[in-house]
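Open the model in your viewer and keep the selection panel at hand. We will go stop by stop, selecting as we go.

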Amino acid sequence: IKDYEIKIHSLKSSANTIGALKMGEMALQLELAAKNNDTEFIQKNHAAFIDEFKNIKAVLDEIFS
């Protein structure tokens, strides 16, 4: 869970840097859940976060291709 917390923190920072605020907020909530060992919250919300990540990645791929 500590590794998850570190990785989701990095994604939160990156998302906020590029203006992907929804993704940043989702990452914040997941990061807080990891800090609190709330694996139930993570299990319920991780897939939606990954979907948002994929959406942002698709937009970036289009812009930079």
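Helices here are DSSP runs of H or I with at least four residues, numbered from the N terminus. With that in hand, S14 can be placed in helix α1. Keep in mind that this is a predicted model.

**Stop 1: α1 and α2**

Select residues 2-17, which are helix α1. Add α2, residues 21-35. The axes of α1 and α2 are 8 Å apart and meet at an angle of about 160°. Angles over 145 degrees count as roughly antiparallel, so α1 is roughly antiparallel to α2. The crossing of α1 with α2 is left-handed.

Now show side chains at the contact. From α1, pick Y4, E5, I8, H9, L11, K12, A15 and N16. From α2, pick L21, M23, G24, A27, L28, L30, E31, A34 and K35. Colour them by class: 10 are nonpolar, three polar and four charged.

**Stop 2: four residues along this pair**

Select K12 in helix α1. Is K12 buried or exposed? K12 has a relative accessible area of 14%, which is under the 20% cut-off, so K12 counts as buried. Look for its partners beyond four places in sequence: K12 contacts G24, A27, L28 and E31.

Go back to S14. Its relative accessibility is 44%, so S14 counts as partly exposed. Draw a distance from the C-alpha of S14 to the C-alpha of G24. The viewer should give 7.9 Å, for residues 10 apart along the chain.

Next, select I6, also found in helix α1. I6 is partly exposed, at 46% relative accessibility. Draw another C-alpha distance, from I6 to K35. These two are 9.8 Å apart in space and 29 residues apart in sequence.

Cross over to Q29, in helix α2. Q29 has a relative accessible area of 32% and is partly exposed. From the C-alpha of Q29 to that of I8 is 9.6 Å, with their positions 21 residues apart in sequence.

**Stop 3: the loop after α2**

Select N37, in the loop between α2 and α3. Check its backbone angles. N37 is not a glycine, yet its phi is positive, at about 55°. N37 is exposed, with 52% relative accessibility.

**Stop 4: α2 and α3**

Select residues 39-63, helix α3, together with α2. Their axes come within 10 Å and cross at roughly 155°. α2 and α3 are therefore roughly antiparallel to each other. This crossing, too, is described as left-handed.

Which residues of α2 meet α3? Show K22, M23, M26, A27, Q29, L30, A33 and A34. On the α3 side, show F41, I42, N45, H46, A48, F49, E52, F53 and I56. The contact of α2 with α3 holds 12 nonpolar, three polar and two charged residues.

**Stop 5: α1 and α3**

Hide α2 for a moment and keep α1 and α3 in view. Here the angle is about 35° and the axes are 13 Å apart. The crossing of α1 and α3 is left-handed. The contact uses Y4, I8 and L11 of α1, with I42, H46, F49 and F53 of α3. By class, six of these residues are nonpolar, one is polar and none is charged.

**Stop 6: the core**

Bring α2 back. In soluble globular proteins, nonpolar side chains tend to be buried together. Where is the largest nonpolar core in this model? Select I8, A15, A20, M23, A27, L30, A33, A34, I42, F49 and I56: these 11 residues form it. Each of α1, α2 and α3 supplies at least two residues of this core. The largest share comes from α2, with five residues.

Finish on I56, a member of this core. Leave out neighbours within four places in sequence. The contacts of I56 are then I18, A20 and M23.

**Looking back**

Three selections are worth saving. Save K12 as the buried lysine of α1. Save N37 as the exposed loop residue with positive phi. Save the 11-residue core, to which α2 gives the largest share.

Definitions and conventions. Residues are numbered from 1 along each chain as its sequence is written. This is a predicted model: local features need pLDDT of at least 70, side-chain atom pairs count only at pLDDT 80 or more; totals for chains, interfaces and linings use all residues. Side-chain values use heavy atoms; hydrogens and water are left out. Axes are lines fitted to C-alpha atoms, for helices over the stretch in contact, and angles run from 0 to 180 degrees between N-to-C directions. Angles under 35 degrees count as roughly parallel, over 145 as roughly antiparallel, 65 to 115 as roughly perpendicular and the rest as oblique. A crossing is left-handed if the near helix is turned anticlockwise from the far one by less than a right angle, and right-handed if clockwise. Contact means heavy atoms within 4.5 Å. Ala, Val, Leu, Ile, Met, Phe, Trp, Tyr, Cys and Pro count as nonpolar, Asp, Glu, Lys and Arg as charged, and the others, Gly among them, as polar. Buried means under 20% relative accessible area, exposed over 50%, partly exposed in between (1.4 Å probe, protein chains only). A nonpolar core is a set of buried Ala, Val, Leu, Ile, Met, Phe, Trp, Tyr and Cys residues joined through side-chain atoms within 4.5 Å.
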